[in-house]
Amino acid sequence: MTPDGIKPFPDLIREFHISPRELFSYLRLKNIIQECRINMREPDHSTPFILKCMGKLPKTKALSLCYNTLLLHNKPSKSSYMSKWESDLGMLIPIERWHYAQRLTKQASHSLNQWETYCKLTMRWYLVPTKLAHIYPGSDDRCWRCHNCEGSLLHIFWSCPHITTLWQEIHTLLYKILGVTVPLTPDCFLLHIFPDTLPGETVVFAIHCLMATKTAIAHRWKFPLSPSLSEILGRLDSTHAYERMASRLTSSQTKYRSRWQVWVDYRKGEPPPQGP
Ligand SMILES: [Zn+2]
């Protein structure tokens, strides 16, 4: 079939090497189609396999066909939560950087709990006041800490005046422990979209520190006070103990030491470098 109707018989002979003796069958089928007014059209998005079956890919071998099909259908596309974050932050983040941040975070810890917390935030799972006001019209959409601004996801986790001091303290802490400046931006601190210049193991410890902070913020849901720095340090001690035990079970002590030695040194009270 073509978009305009039934293909002429000579075309079918030439394209599919049909025997001329099939003319009678062709005419019968043509008659049925015309009587029933069947409006058959070629699919708009024929897959390579359909095209091969129809004899339209004569020189493509099976393995090449498989690779071409994989390349055709595995183009990554952005999820809606990624677009919403980009809209909130007023910036475009390439899909590769999103995937890299997710991979880094997943590989940073043995704890599924930590990975779950990261997913909840990036996928905008939390029922913040603005979302609740959308679901239940008339409910208060303001932040429960400052009672002044809209309680959006970005405000609750980042821009609320009651929590900016904590993030500044974490920024300084990271500099003291790692000796590098991690950009104090929401894409970096909330989503782990780090600059390429940060070394790999440095990034891993930063992820633990940032996740401890975000977990503490979520733990104090609807509490007027933000978490303190000492609470974050306590959470990091717990994470450190967990990762040390997990490294023994998985025989990955070398990786554990390269990641956590900076924290052990810091807790021993070694003189830290000057602030940024
Ligand atoms: Zn607020």
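A residue is buried if 20 or more other C-beta atoms lie within 10 Å of its own. In this predicted model, 19% of the 276 residues of the chain count as buried. The chain has 14 helices and zero strands. From the N terminus on, every element is thus marked α in the order α-α-α-α-α-α-α-α-α-α-α-α-α-α. Among contacts in the chain with a separation of 6 or more, 53% join residues 24 or more positions apart.

The largest nonpolar core holds 38 residues. Within this core, L174, A206, I207 and C209 touch the most other members. Several helices feed the core. At least two residues each come from α6 (95–108), α7, α9 (153–159), α10 (161–178), α12, α13 (229–249) and α14 (253–267). Helix α12 gives the most, with ten residues. A206 can be followed further. Leaving aside residues up to four places away in sequence, A206 touches L174, L178 and V182. L174 thus appears both as a contact of A206 and among the core residues that touch the most other members.

Helix α12 also packs against helix α7. Helix α7 spans residues 112–122, and helix α12 spans residues 200–219. Their axes lie 10 Å apart and form an angle of about 70°. Angles of 65 to 115 degrees count as roughly perpendicular, so α7 is roughly perpendicular to α12. The crossing of the two helices, α7 and α12, is left-handed. On the α7 side, the contact involves Q114, T117, Y118 and L121. On the α12 side, these residues meet M211, K214, T215 and A218. By type, the residues of this contact divide into four nonpolar, three polar and one charged.

Two loop residues have an unusual backbone angle. Most residues other than glycine have a negative phi. H17 is not a glycine, yet its phi is positive, at about 55°. H17 lies in the loop between α1 (9–16) and α2 (23–36). A residue counts as exposed if 12 or fewer other C-beta atoms lie within 10 Å of its own. H17 has 8 C-beta neighbours inside 10 Å and therefore counts as exposed.

S251 is the other case. Its phi is near 50°, a positive value in a residue other than glycine. S251 is found in the loop between α13 and α14. S251 counts as exposed because it has 8 C-beta neighbours inside 10 Å. The two helices that flank this loop, α13 and α14, each supply at least two residues of the largest nonpolar core.

How values were computed. Residues are numbered from 1 along each chain as its sequence is written. This is a predicted model: local features need pLDDT of at least 70, side-chain atom pairs count only at pLDDT 80 or more; totals for chains, interfaces and linings use all residues. Axes are lines fitted to C-alpha atoms, for helices over the stretch in contact, and angles run from 0 to 180 degrees between N-to-C directions. Helices (H or I, at least four residues) and strands (E, at least two) are DSSP runs, numbered from the N terminus. Angles under 35 degrees count as roughly parallel, over 145 as roughly antiparallel, 65 to 115 as roughly perpendicular and the rest as oblique. A crossing is left-handed if the near helix is turned anticlockwise from the far one by less than a right angle, and right-handed if clockwise. Two residues are in contact if their C-beta atoms, placed from the backbone, lie within 7 Å. Ala, Val, Leu, Ile, Met, Phe, Trp, Tyr, Cys and Pro count as nonpolar, Asp, Glu, Lys and Arg as charged, and the others, Gly among them, as polar. A nonpolar core is a set of buried Ala, Val, Leu, Ile, Met, Phe, Trp, Tyr and Cys residues joined through C-beta atoms within 7 Å.
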